[in-house]
Amino acid sequence: MSSPGPEQTREQIAVRDGNAVEIAPGVHWIGAFDPGLRNFDMILRTANGTTYNAYAVRGSDGVALIDTVKAELADDFFARLEQVATLDEIRVIVLNHLEPDHTGALPELLRRAPQARLIISKRAPAMLKALLKPTEDQFDYELVDTGDEISLGDRRLRFLNTPYLHWPDTQCTYLVEQQVLFSGDVFGCHYCDPRLFNDRVGDFRFSFDYYYAHIMRPFKAHVRDALKLIEPLPLKLIAPAHGPVLRERPRRYVTRYRELSSSGGSFDQSFDQPFDAGDQPASLIIFYLSAYGSTTRMAEAVQAGAESVPGLRVSLYDLEGGEIAPFVDLIEQADALAFGSPTVNGDAVKPIWDLLSSLVGISLRGKIGAAFGSYGWSGEAVPMIEDRLRGLKLRVPVPGLRLKLTPTASELDNCRDFGRQIAEAMTGDANPPDTAKRVIDFAELSPYPEAGASSSKLATRSEP
Amino acid sequence: MAKAKVTFQDIDQTVNVPAGIRVIDVSEKIGAGIIYGCREGDCGTCMMHVVEGWNNLTEPSVLEEKVLRENMASRHDRLACQAQIIGDCTVKPA
């Protein structure tokens, strides 16, 4: 199917002319449909577009707005807003997070309703300033944290601080009396269907899981923290910032987040490793590619060296023989990664970069990285991979190892030593407790030693 | 040239460095757990906690103070890309 732009089909025009929709007593959906969108933020495909959900909550003491829409669709938002409230009735504007697809209409809204007070999370001020920039007039805001409430007279908004779902400033807003959770991007998905409610729209389960996998998965520990706040709430309805409004069995979606944040990618929870809980060995995965077998031999020697350290499970994969997606799942669960690549025309080879540019969906923080490889002329691949690993926030405690063309027996010894050093960095044996405190001289920290040179570049000396 | 010792507590590693060098220039090379983003004192990613010797780092600039405040830094937190080592100190990721 071709990708129609906005306003191309009769159905899309009908959607754009739509009305505000009451989703609970005194609560209206005033968002915008974006059926023509086929790609979101460069990382998500959106086969039937998306919605930007904004809401208006009417209390006896004024109107609260929850989020806005992206700038291009501001007209739709204001048209729907004006059906349910006048601008001077708006008392507060709650921003569940400040991403531009939900704050695009904010500058215009602040111009039209200058009396409205912004309600943002405690992590949001710096981002708000960056978003509105100093050209905007001075604006007033109030910071809220978990448990804080704002009264609209006969109803209250209570806030849940849920950082990193998926922005640092993310919060959820709970309408206490109606048991409605305005969840921001949490429980959202890119799925555009003007029927709006989860029991009316098409089957969006794929979109729901796909959205989680690309937006929330890097922050799964934070998802579990947020669920501790959300799960105890009585829930009649979840009103997320994208996709269908979840009025039928809303708790099912909370349970789904619990399931997704507890499992490791495509590995089903029931597919356990053959180890008891708490007895799981640290996992090192070695990925390599080889043109003439030299880097293969290095990889095998690195594996042998690492396996000489007890308490470790080492896996060896030729990148030529695998798909990216399952490797990403493996990497998410690994403790350390080593990449072996030859150097071709001054660069590491493409399958390495393909894999290393596919890790945006998982958290790599705290993992250990390492690089090695054989080369013919210049050997740039190893330092380039190490730079990329550091850029991905891995630690690279063992300097990379490279050798020219065919490995000799002593160079393979160095490869085994390299593997052992990685393993020791993983198991914490790198600093034997019986020696005096290690002190390295800064000048010794040459990052790219040759394999043939002294293998112990982390040369240490004892304190006098 | 004056020397100083910086210890990265998370990896229990001490490095002898020439005085005046920025913490990030050492932590990167040694593979300590401090992570970095813009490297220009703007994003706050490289925030670290100074365990010992906080007055052996250069004073934070007005801009660094601002970024620390915005990132809700606690006492003795600094940006590794801004703080220069002038004496012995111990740091760890914030």
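At what angle do helix H9 and helix H13 of chain A pack, and how far apart are their axes? In this predicted model, H9 (residues 294–307) and H13 (residues 409–427) of chain A meet at an angle of about 50°, and their axes sit 6 Å apart. That angle makes H9(A) oblique to H13(A), because it falls in neither the roughly parallel range, under 35 degrees, nor the roughly perpendicular one, 65 to 115. The crossing of H9(A) past H13(A) is right-handed.

So much for the geometry; the residues come next. On the H9(A) side, the contact is made by Arg297(A), Met298(A), Ala301(A), Val302(A), Gln303(A), Ala304(A), Gly305(A) and Ala306(A). Facing them from H13(A) are Leu412(A), Cys415(A), Arg416(A), Asp417(A), Phe418(A), Gly419(A), Arg420(A), Ile422(A) and Ala423(A). Sorted by character, the residues of this helix pair's contact come out as ten nonpolar, three polar and four charged.

Stepping back to the whole chain, chain A carries 13 helices and 23 strands. Of its 464 residues, 42% are buried. Contacts in chain A lean towards long range: among those with a separation of 6 or more, 71% join residues 24 or more positions apart.

Then there is the interior. In soluble globular proteins, nonpolar side chains tend to be buried together. Here, the largest nonpolar core holds 69 residues, and the members touching the most others are Tyr55(A), Ala56(A), Val57(A), Leu65(A) and Ile93(A). Helix H6 (residues 205–216) of chain A gives this core its largest share, five residues. Tyr55(A) is worth a closer look: leaving aside residues up to four places away in sequence, Tyr55(A) touches Val27(A), His28(A), Trp29(A), Ile30(A), Ile66(A), Phe182(A) and Ala239(A). Another core, of 46 residues, lies apart from the largest one and includes Ile286(A), Met298(A), Ala306(A) and Tyr375(A). Two of these names are familiar from the helix pair, as Met298(A) and Ala306(A) also belong to the H9(A) side of the contact with H13(A).

What about the partner chain? Between the two chains, 18 residues of chain A are in contact with 17 residues of chain B. On the chain A side, helix H5 (125–132) and strand E22 (438–441) each contribute at least two residues. The largest share, four residues, comes from E22(A). By character, the chain A residues that touch chain B split into nine nonpolar, two polar and seven charged.

Definitions and conventions
Residues numbered from 1 in each chain as written. Chains lettered and ligands numbered in written order. Predicted model: local features only at pLDDT ≥ 70, side-chain atom pairs only at ≥ 80, totals over all residues. Axes fitted to C-alpha atoms, helices over the stretch in contact; angles between N-to-C directions. Parallel < 35°, antiparallel > 145°, perpendicular 65-115°, else oblique. Left-handed = near helix turned anticlockwise from the far one by under 90°. Contact = placed C-beta atoms within 7 Å. Nonpolar A, V, L, I, M, F, W, Y, C, P; charged D, E, K, R; others polar. Core = buried A, V, L, I, M, F, W, Y, C linked by C-beta atoms within 7 Å. Buried ≥ 20, exposed ≤ 12 C-beta atoms within 10 Å, placed from the backbone.
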